[in-house]
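New to this one? Take a look at the structure below, then use the notes that follow as a quick tour.

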Amino acid sequence: MARILTVSSQRAGAYPTIQDALEVAADGAVISVEPGTYHETIRVTGRRLTINAAKEPGSVTIDASEAGGPAVAAARAEITLQGLVLKAGDYPAVSASNTRVTIEKCEASAGYAAGISVTDGAQVTATEVKVTGGQYGFVIEDSSGILDKCEVRGISDDGVIVRLGANPTIRNSTIADCGYRGIYVYQAGRPTIERCDISGTGDAGISVAHQSAPTITESWVHDTSGVGIAFGRGCGGLVEGTRVEGTASPGIDVEDGATPTIRAADDTPGQPKVGAAVTEGLAQQDTEKVDKLLAELDSMIGLGSVKAEVRAVIDEIQVNEWRRSAGLAVGGASNHLVFTGAPGTGKTTVARIYGQLLKALGVLPGGDFKEVSRRDLVGQYIGHTAEKTTVAFEQALGGVLFIDEAYTLSRSAGASADFGQEAIDTLVKLMEDHRDQVAVIVAGYTDDMANFLDANAGLASRFAKTLEFENYSPDELVLIVRRITRNDDYLLGEGLDEALLEWFGQIERDQNFGNAREARKLLEGMRKVQSGRLRALGRMPSRDDLRTLTLDDLLGATR
């Protein structure tokens, strides 16, 4: 049986403060507090304890307003709070880090802080808890648990914040009269919100951002200054059987690139269906366009491993969209890629197709393609580079920013300041801030790109995959020549296939080898030789003469 320690400021034989009892309490003890106000801050680390009101709920106040800390702070502990009124100044009334915390029939308030803060893998069970003041009501970060029959009122900012992958269940609760949003879900938050009443907010009733995916069922969002429920780009989740009324229009606002599943409430009096303004905002996938783009990718010569990698990325995106539609959690994903390999291997073409695929899948609002190099990003004086890089980045929003020879940014231009590093640092921040609004693709030689990715500690982690573009084989280069000649209305004369294969087979494939560019350069040379040959005929060339490239043209171009 747990040992009970009594705290009373009036009764002889009792501990005069909660802290006094805490100092002698064994693991598993119950600290029973007689009615009164106790001006102290309670800190519990690595222990298992219960602190409760000895009489009716609300008869005990722990007031840390002047104590310079939370009313109760717990770390790596297991703590139960019952029937208490908890007050703090510019600290949370309750702060639980990596802790299992149970709060029953308590009331919490703070100044410029959260009423109750639960972080770092904690687990909270809050039942019949009221938060009546503070900058925020509940803050649940990287944690889980249940909020049942709770009430959050009169908060100056957000009523409930769920972030950093937190996945609590919030049910049978009321969030009202908050200065900003009722519930704010961001940074991959995945809460379940069921049978809740959210009203009187200064902005949206529920706001969802940064790859989050809540499940919102059988709730009522009403009389808000902003929209009822807002889904930002890249977010998903489920809204089912939920009434949204008396809010700004539209009741449920879904940005381009967001993919929640929305199922209307029952069509009964007082329970209006979700309107057309909602469904029009849902991201639409153009499966026919996706198939055409994948076929275009497949039609490119060679690049077997690259094609497989791109298809794997597209498959993952498609499955994630299906999971969102089913109301399942989807982790944050990056659309940024690294392309490595020699010039002329199709990196720019694949980047363009990839951008169009993201648009067709509804991941990006546009498939626009902006190609830049060092000179487009790096300025001439301090501060100029950040400005140029930001402008280029913003011009690419909604599509693809392709940075060719990106490794040149990590090379110092000489004795002067290395403004290329400033461009890299600026890109890292912009890529994180707008990761669901743009796809950044950096390209260059394999070894040089490895050095580039080491130029900033956070750079490599911003990219989802690295795709290696291998040199074309001699056979593939001959196919490229044949395709170019056919598109340009030329024919290859007798014996040219074998001669081209021999030529491409003996070319040294060093860093200066241009792959498809070599094929185009060779054809340009052959056409020049052909022009001289035809002018020397002394007659008007026939149609076949004009179309046909001969072995002599190849020999002349390669001398």
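Val30 counts as buried, because its relative accessible area of 16% falls under the 20% cut-off. Bear in mind that you're looking at a predicted model. From Val30 the tour moves on to the two sheets, a helix, the empty spaces and a few odd backbone spots.

**Val30 and its surroundings**
- Val30 sits in strand β2, which covers residues 30–33.
- Asn52 is 22 residues away from Val30 in sequence, yet the two C-alpha atoms are 7.5 Å apart in space.

**The sheet of 12 strands**
- β2 belongs to an open sheet of 12 strands with parallel pairing.
- If you want to trace the sheet, the order is β1-β2-β5-β8-β11-β14-β17-β20-β23-β26-β29-β32.
- At the edges you'll find β1 (4–7) and β32 (261–263), each of which pairs on one side only.
- On average, neighbouring strands here are turned by 10° against each other, ignoring direction.
- For a closer look at one pair, try β14 (residues 123–127) and β17 (residues 144–148), which run parallel and are joined by 5 bridges.
- Within that pair, Gln123 has Ser144 in β17 as its bridge partner.

**The sheet of 5 strands**
- Another open sheet has 5 strands, in the order β34-β35-β36-β33-β37, and its pairing is parallel.
- β34 (369–372) and β37 (465–469) are the edge strands; each has a single partner strand, so one side of each has no neighbour in the sheet.
- From one strand to the next, the twist averages 20°.
- β34 and β35 run parallel, with 4 bridges between them, and Val372 has Ile403 in β35 as its bridge partner.
- On to the next pair: β35 (residues 400–403) is joined to β36 (residues 439–444) by 4 bridges, and these two also run parallel.
- Phe402 stands opposite Ile441 in β36.
- In a regular strand, side chains alternate between the two faces of the sheet.
- You can see two directions in β35: Val400 and Phe402 point one way, while Leu401 and Ile403 point the other way, and all of them are buried.

**Helix α3**
- Helix α3 has 13 residues (287–299), and at 1.5 Å a residue it should span 18 Å; the C-alpha atoms at its ends are 18 Å apart, so the expectation is met.
- Which residues of α3 are buried? They are Val290, Leu293, Leu294 and Leu297.
- Those buried residues lie on the same side of α3, because they cover an arc of only 100° around the axis.
- The general rule is that an α-helix has 3.6 residues a turn, so residues three or four places apart point the same way.
- Glu288, Asp291 and Lys292 are exposed on the other side of α3.

**Pocket and cavity**
- The largest pocket has a volume of about 580 Å³.
- Its lining is made up of 29 residues, and the ones nearest the centre are Gly344, Gly346, Thr349, Ala516 and Arg520.
- Helix α3 turns up again here: along with α5 (347–360), α10 (474–487) and α12 (516–535), α3 gives two or more residues to the lining of the largest pocket.
- How many cavities of 30 Å³ or more does a search of the whole structure find? The search finds 1.
- The largest cavity holds about 40 Å³ of space.
- Residues lining the largest cavity include Phe138, Cys150, Val160 and Ile170, and Leu147 is also among them.

**Backbone oddities**
- Most residues other than glycine have a negative phi, and most peptide bonds are trans.
- Lys105 isn't a glycine, but its phi is positive, near 50°.
- You'll find Lys105 in the loop between β11 (100–104) and β12 (107–109), and its relative accessibility of 47% makes it partly exposed.
- Arg195 is not a glycine either, and it has a positive phi of about 55°.
- Arg195 lies in the loop between β23 (192–194) and β24 (197–199), and it counts as partly exposed at 39% relative accessibility.
- Where is the cis peptide bond with an omega of about -5°? That bond joins Ser249 and Pro250, and Pro250 is found in strand β31 (residues 248–254).

How values were computed
Residues numbered from 1 in each chain as written. Predicted model: local features only at pLDDT ≥ 70, side-chain atom pairs only at ≥ 80, totals over all residues. Heavy atoms only, no water. Expected span 1.5 Å × (residues − 1). Buried < 20%, exposed > 50% of the residue type's maximum accessible area, 1.4 Å probe, protein only. Arc of directions from axis to C-beta. Pairing = 2+ DSSP bridges. Axes fitted to C-alpha atoms, helices over the stretch in contact; angles between N-to-C directions. 1 Å grid on protein atoms, 1.4 Å probe; cavity = no way out; pocket = protein on both sides within 12 Å on 5 of 7 lines; lining within 4 Å. Points joined across faces, edges and corners; volume = space filled by probe spheres on them.
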